[in-house]
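Visitor: I have a structure open here and would like to know what stands behind its labels. Could you take me through the reasoning?
Guide: Gladly, let's look at it together.

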Amino acid sequence: MQHSNAVNRLDRLPISRFHKITLLAVSFAYFFEFADINSFATTAPKLIHVWGVTVNQVAYVTSLSFVGMFFGSIIAGGIADRWGRKRALIQTTLFFGIFSFAATFSWDIVSLGVFRILTSAGLSAMTVVAVIYVNELYPAAVRGKYQAYAIVVGICGTPATNLIASAVVPLTDWSWRLVFLWGSLGIVFVLFARHIKESPRWYESRGDYLAADAVLHEIESLVATEKGPLPEPAPPVREAEPTKAPLRMLLQKRYLLPTLLLTVLWVTQTIGFFGYSSWAPTLLAKEGFSVEKSVFYVALTTVGAPLGSYLASIVTDRFERKWCLVAFGTIIALCGLFYGLTFNPLLIVVFGFLVNLFERGYTALGYAYSPELFDTRSRSLGTSISYGVGRLSNAAGPLIVAALYNRSGYQSVFLFIAGTWLVGAIVLAVFGPKTRRARLAAADERTGHDSEPTRDLHHRPAVHQAE
C-alpha cells in the first residue's frame, strides 16, 4: 500500500456518534484541565491567611508553574510523535491528575509549589496533545467548530472550580485542600481510553500505512453503520516518505514565520489571561474585599467562559479566524482595562464576565488556528514549541504583576494586561495569514467538488496558501 489516504477519507465523513464520543472524551480532559489550572489562584488568598504566604511568594509559585508548562508543552510534542496522539493524551491527563492529588497533602508553600509545577507541566502537555488530536481527527470544514465545542464543555471546569472554592475554602483552615482534590478527578479519563481511536494521520506520519488503514476501516465502519454508505474519497497525492521532524526544521523560511507568529499569539494570550485570572482573587483581597467576596466575584465572572467558547464555535468556521482573533483580543483589552478601573462590585462582575467570555473564545479560536499553519510532519513540533514558549513567557508575568502592584498599585496591573492583549491583536492583524479560503477549497476537493487529485492542506503550511 502506497498511501492510506487518511486526510481525504476522514474529511468526507459525516459527523457521527464516533465524532461525538471522541468530542466527549476530549471535553472531559479539557474540563479537568480548566478545573485545575486556576486552583492555586483560588486558594492563594486563604494561604496568605493560614500560612502567612506573601504576594511575592504567590508570584514565585505562579511563575515557576509556567516554567513547568513550558517543559510540559515541549515534551508533549515529542511524546505525541513518539507514542501516538491517543496514548499521549491518556498519559498527560493522568500525569496532571496524580500531581494535583499530591498537592492535597502539601505541608508548606515550597511543597505546594513543587506539586503545582509538576501539575502545570501535565496540564500544558495535555492541551498540546488534545489540540493536535482534534485537528487530525475531524473534517477540515468543521474542525474549528468541534475544537470550540470541546472548549465549551471543558471551560465549565473553571467556574465549577471557582464556585466550589468559594464554598469550601472559607470553611476551615484545611478545606482549601479540597480544591486540589477536585482538580485531580481528571484521572477518571482512563475510562474513555477504549472508546477513542489513534489518529490515522499519526500512523501515516510514521510511514505505517497498514495501521492507518486498519484504524480508518474501523472508523468508516462505525460511521457507515450509523449514516449509511459513504461517498468515495478524493484520490491521494503521492508524497515523499515521512521523516522525523528535527527542531532545526522550524528555522526554515516556510516554518519560521508561523512559529514566530504563533509564539507571539500564545505569549500575549498567556500573560494577558493568566495575569488576569491568576491574580484577580488575590488583588481584590488586597484591595479590601474579603477572601470570601473576592473568590465569589471571580467565580461569577468565569460563568462567561463557556459562553465565549460557544461564541467561538459559531464564528470559527464561518469567518476568517485571523480577524476573529484580532477582534476578540481588542475587546478583551478594553474590558480588562475597565475591570481594573472600577471598585464597584457590579461592574467588577460585568467586565470580568466579558473578559472571560471573549478570552475563552480567543483561546478556542487559537487552538483551531495554530495547527493549520503547519503540515502534518511539523504540526506537533511547531504547535508545542510556540505554545510552550508562550507558557514560559509567563514565568516573568507574575513577577511583573507583583512589581507593578507593589510600586504603582492595582490599576497599573490592568493597564499592563490590556497593553499585552493589544500587542497580540496588532501583530495578528499585520502578519497573521488567512486560512479560510484554503480550508474551504481543500474541503470542496475532498468531498468531490473538484476533479483534480486532492492535495493535503496540512502537508504544507497554510501561510503559503492563504490570501
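Visitor: What makes the contact of arginine 12 and glutamate 220 a salt bridge?
Guide: In this predicted model, a side-chain nitrogen of arginine 12 and an oxygen of glutamate 220 are 2.7 Å apart. The cut-off is within 4 Å, so the pair counts as a salt bridge. Arginine 12 sits in the loop between α1 and α2, and glutamate 220 in helix α11, so the bridge ties together parts 208 residues apart in sequence.

Visitor: Why is arginine 12 called buried?
Guide: Its relative accessibility is 11%, and buried means under 20%, so arginine 12 qualifies. Glutamate 220 also counts as buried, at 11%.

Visitor: How do you know that aspartate 36 and arginine 116 form a salt bridge?
Guide: Their side chains meet at 2.7 Å, N to O, and the limit is 4 Å, so the label applies. Aspartate 36 belongs to helix α2 and arginine 116 to helix α6, so this pair ties together parts 80 residues apart in sequence. Aspartate 36 is buried at 0%, and arginine 116 is buried at 2%.

Visitor: Arginine 85 has a salt bridge with aspartate 81; why is aspartate 81 called partly exposed?
Guide: Aspartate 81 has a relative accessible area of 27%. Partly exposed lies between the 20% and 50% cut-offs, so that is the class for aspartate 81. Its partner arginine 85, at 1%, is buried.

Methods: Residues are numbered from 1 along each chain as its sequence is written. This is a predicted model: local features need pLDDT of at least 70, side-chain atom pairs count only at pLDDT 80 or more; totals for chains, interfaces and linings use all residues. Side-chain values use heavy atoms; hydrogens and water are left out. Helices (H or I, at least four residues) and strands (E, at least two) are DSSP runs, numbered from the N terminus. Buried means under 20% relative accessible area, exposed over 50%, partly exposed in between (1.4 Å probe, protein chains only).
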